[in-house]
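User: Please take a close look at the enclosed empty space inside this model, and describe what surrounds it and which parts of the chain contribute to it.

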Amino acid sequence: MRQIHRVAVIGAGVMGATIAAHLANAGLEVLMLDIVPKEPTPEEQAKGLTMDSPAVRNRIAQAGLDGLMKMKPAAFFLKSCANHIAIGNLEDDLGKLTACDWVVEVVVEHMPIKLSLLAKILPHLGPEAILSSNTSGLSINEMAKALPEDVRKRFLITHFFNPPRYMRLMELVPCQETSPDLMADMADFMRRVLGKGVVFAKDTPNFVANRIGTYAIFKSIQHMMAMDMTVEEVDAVAGPATARPKSAAFRTVDLVGLDTLAHVANNSWQTLTKDEERAVFQMPPFITDMVEKKLLGNKTRQGFYKKDKVDGKRQIFYYDYQTSDYKPITKPKFASVDATRQVDGPADRIRVMITGKDKAAEFAWKTLRDTLIYATNRIPEIADDVVNIDSAMRWGFNWELGPFEMLDAIGVAAFVKRAEADGVAVPQALKRVTSFYRDGAQGEREYFDLLTGAYRPVPVPAGQIKLDILKKAGRVVEKNASCSVLDLGDGVFCLQFHSKMNAITADILAMTHKAIARAEREGVGLVIGNEGKNFSVGANLMMMAVAIAEGAYDDIAMAVKGFQKATMAVKYAKVPVVAAPFGMTLGGGCEFSLHSDAICAHAETYMGLVEIGVGLLPAGGGTKELCLRAADLAATNGTDVQPFIFKHFQQIAMATVSMGAAELFGMNYMRRGDSITMDIDRLIADAKQKVLALAVNYRPLQPRADIAAPGRGIAASIKSQLWNMKMGSFITEYEYEMSGQIALAICGGDVNPGTLVSEDYLLQLERETFLRLCGNKKTAERIQYMLKKGKPLRN
């Protein structure tokens with residue numbers, strides 16, 4: 001397997017810079033180069049700089065790096081990741097390419113420019129170095145003609161999607177001479193090191209995701225105009241109602257940029273001369289007009305939508321393509337769309353949507369019908385199988401289901417029958433398929449191979465554990481409505497949440513004890529993880545809201561104590577317990593993680609104790625744990641506990657949520673020995689390996705009784721600052737009272753500094769404070785308000 005440690009990125013524009021940032025996130029050494037400016041700026045001349053000055057010669061690359069530091073959402077996991085990037089230029093620093101394991105060009109999408117750059121790079125390319133292009137649609141084989149045969153073997157397209165940190169898709173495209181071993185090594189590197197979902201595409205215009213996604217958008221425009229619908233009406237249909245993202249069609253275009261859409265469409269129109277749907281890619285005059293007027297979307301703050309102030313209030317407008325003007329949004333209502341909100345699964349939503357009887361349902365059917373037929377006709381032109389196309393649309397366009405998964409949701413036979421009734425030509429391939437996916441004999445997922453007419457296993461890269469496959473293979477040893485315990489093999493079990501939004505329920509608390517007992521009795525350790533959209537949004541407070549309204553405080557106390565017993569059981573299990581959080585890990589989900597022996601977090605983990613949002617404090621052991629950690633940090637460093645307590649109090653009081661797993665170390669939620677996984681599909685397997693490593697020499701802990709309480713003095717100091725904030729009208733009386741009680745709890749109560757207290761004492765203090773906050777009239781009003789608004793009450 002090739003080792004990649006140092007990467008050169010040629011091009012410091014937005015795409016090149018953000019690719020460099022994500023490589024730096026992965027811990028790689030990065031060299032980012034761009035051209036030398038033509039002349040110094042007036043500001044540079046005023047400083048006495050000339051064209052010989054490095055600051056002038058590296059100005060473009062430096063601007064790319066500077067832009068990364070200001071970018072939102074953040075391109076870096078941490079700003080310190082920028083230290084992994086060195087900058088330079090294409091005249092003075094080409095010699096440094098010799099030391100790079102991989103060189104990727106990210107310059108403008110124009111073939112002559114790319115060929116000129118490749119010629120400039122070649123003399124400095126290491127004898128084993130990988131060379132790739134980030135082109136989004138130009139031909140790799142045309143570029144390869146300009147390269148020596150030896151270099152062609154290690155040349156490929158590595159197409160990142162923007163922004164690289166957050167968009168999972170990586171399209172790999174070989175030229176005719178690319179080494180198969182290199183393709184396999186790069187696929188493994190992209191998954192394991194960069195966390196990418198890899199799709200193998202072919203050397204066709206716009207590859208896979210942009211080919212299908214752009215077609216879907218332009219087909220939507222075609223049907224919109226034919227049915228006399230508005231941009232806003234289309235987006236009401238083309239989002240979650242049809243298993244696609246909330247940005248739907250036109251908000252997605254605004255995110256990407258109309259100029260980018262126009263570029264992809266024009267490239268398709270010019271190159272797809274044999275495509276049966278080529279006419280769809282012709283630019284409608286109104287889009288050409290929008291591009292000319294610089295109505296490009298978010299980058300120019302106006303596109304298909306724009307925000308403006310009317311009478312001092314912010315208002316959103318949509319673009320009326322018939323009048324070439326903006327109109328206030330109306331939030332259109334359709335019965336078919338409303339009906340999809342009553343079902344949870346994307347497959348169910350699609351079925352409900354296309355069987356509706358209104359204009360929205362008709363539009364949904366027509367656009368899906370045409371897009372799914374188009375996708376079917378693209379095999380084997382753009383990819384060899386349905387798995388690559390489905391994956392490309394999920395990872396590149398954030399569809400909940402890929403085209404062939406949508407066909408299964410509708411029912412292939414039902415789709416064919418309805419499409420033929422419309423008089424539409426249906427591919428013969430669809431007439432010989434019952435379903436595109438099925439479960440194999442061992443629970444593995446299989447797909448229908450259109451090229452051979454047989455079912456084949458969906459490839460699962462090495463190093464991955466799929467819980468859904470284990471469940472179908474009979475590896476569930478205990479379960480209830482909210483969670484299951486699975487045997488991962490090698491003596492490791494997994495506690496898997498599967499309640500709605502993975503909220504912590506009474507069933508999960510009960511099963512926690514059973515899972516730990518089984519691991520202690522029959523195995524060597526436990527993983528707490530799942531494969532939902534988020535690890536856990538926290539405890540579901542709906543029942544607690546009812547109890548507060550009824551004044552059933554004994555029931556609340558019992559529920560809170562039950563939560564604390566579960567998290568303490570995790571902390572003091574006789575075998576190692578590793579949490580595998582990802583996505584939203586809030587409130588109780590965070591507390592489960594804090595009490596585990598170790599955390600193996602996905603890079604994009606957004607963790608925080610957010611209970612203050614409903615007027616409460618973390619009471620599943622979270623407040624106790626932050627008090628304990630502050631005391632331990634002070635003792636370890638031989639310093640005062642106050643700065644640690646202030647920091648932890650602020651995290652609770654401000655409901656601070658990490659913007660990635662890397663930030664959790666600075667928040668003291670993750671500690672030395674915890675780890676970050678880049679590939680979410682490896683998360684459970686990585687957590688299992690951590691359990692096995694800990695189990696070799698595991699020594700169970702005992703509940704602490706030696707915690708040096710910060711005490712009343714620090715609590716008073718916090719309250720003093722809160723008082724100043726209240727006097728300055730920065731917080732309300734209610735917020736002052738609530739925060740003051742949290743301050744006393746996290747400081748160990750009304751005791752002298754350094755008083756030794758136990759975890760049980762801190763837990764009791766946590767419960768008592770929680771109950772007092774429950775009894776506050778304002779807290780009850782806040783909860784009732786959220787209930788009336790239909791908002792989920794999750795901490």
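Analyst: For the chemical classes used below, Ala, Val, Leu, Ile, Met, Phe, Trp, Tyr, Cys and Pro count as nonpolar, Asp, Glu, Lys and Arg as charged, and the others, Gly among them, as polar. This is a predicted model, in which local features need pLDDT of at least 70 and side-chain atom pairs count only at pLDDT 80 or more, while totals for chains, interfaces and linings use all residues. Residues are numbered from 1 along each chain as its sequence is written, and side-chain values use heavy atoms, with hydrogens and water left out.

The structure holds 2 cavities of 30 Å³ or more, a cavity being a set of points on a 1 Å grid over the protein atoms alone where a 1.4 Å probe fits but cannot get out, lined by residues with an atom within 4 Å of a point. The largest cavity encloses about 120 Å³, where a volume is the space filled by probe spheres set on points joined across faces, edges and corners.

Helix α9 (residues 209–226; helices are DSSP runs of H or I, at least four residues, numbered from the N terminus) gives the largest share of this lining, 4 residues, and these are G213, A216, I217 and S220. The rest of the wall of the largest cavity comes from A238, R244, P245, A248, A249, T252, F397 and W399. By class, the lining of the largest cavity divides into 8 nonpolar, 3 polar and 1 charged residue. The charged position is R244, and the polar ones are G213, S220 and T252. Among the nonpolar lining residues of the largest cavity are the aromatic side chains F397 and W399.

The second largest cavity has a volume of about 50 Å³. Its largest share of lining, 5 residues, is supplied by helix α8 (residues 180–192), namely D185, M186, D188, F189 and R192. M1, R2, I4 and I130 also line the second largest cavity, so that positions from the very start of the numbering meet those of α8 around this space.

In class terms, the lining of the second largest cavity has 5 nonpolar, no polar and 4 charged residues. The charged residues of this lining are R2, D185, D188 and R192, while M1, I4, I130, M186 and F189 are the nonpolar ones. Set side by side, the lining of the largest cavity includes 1 charged residue, whereas the lining of the second largest cavity includes 4.

Conventions
On a 1 Å grid over the protein atoms alone, a cavity is a set of points where a 1.4 Å probe fits but cannot get out, and a pocket is an open set with protein on both sides within 12 Å along at least five of seven lines; lining residues have an atom within 4 Å of a point. Helices (H or I, at least four residues) and strands (E, at least two) are DSSP runs, numbered from the N terminus.
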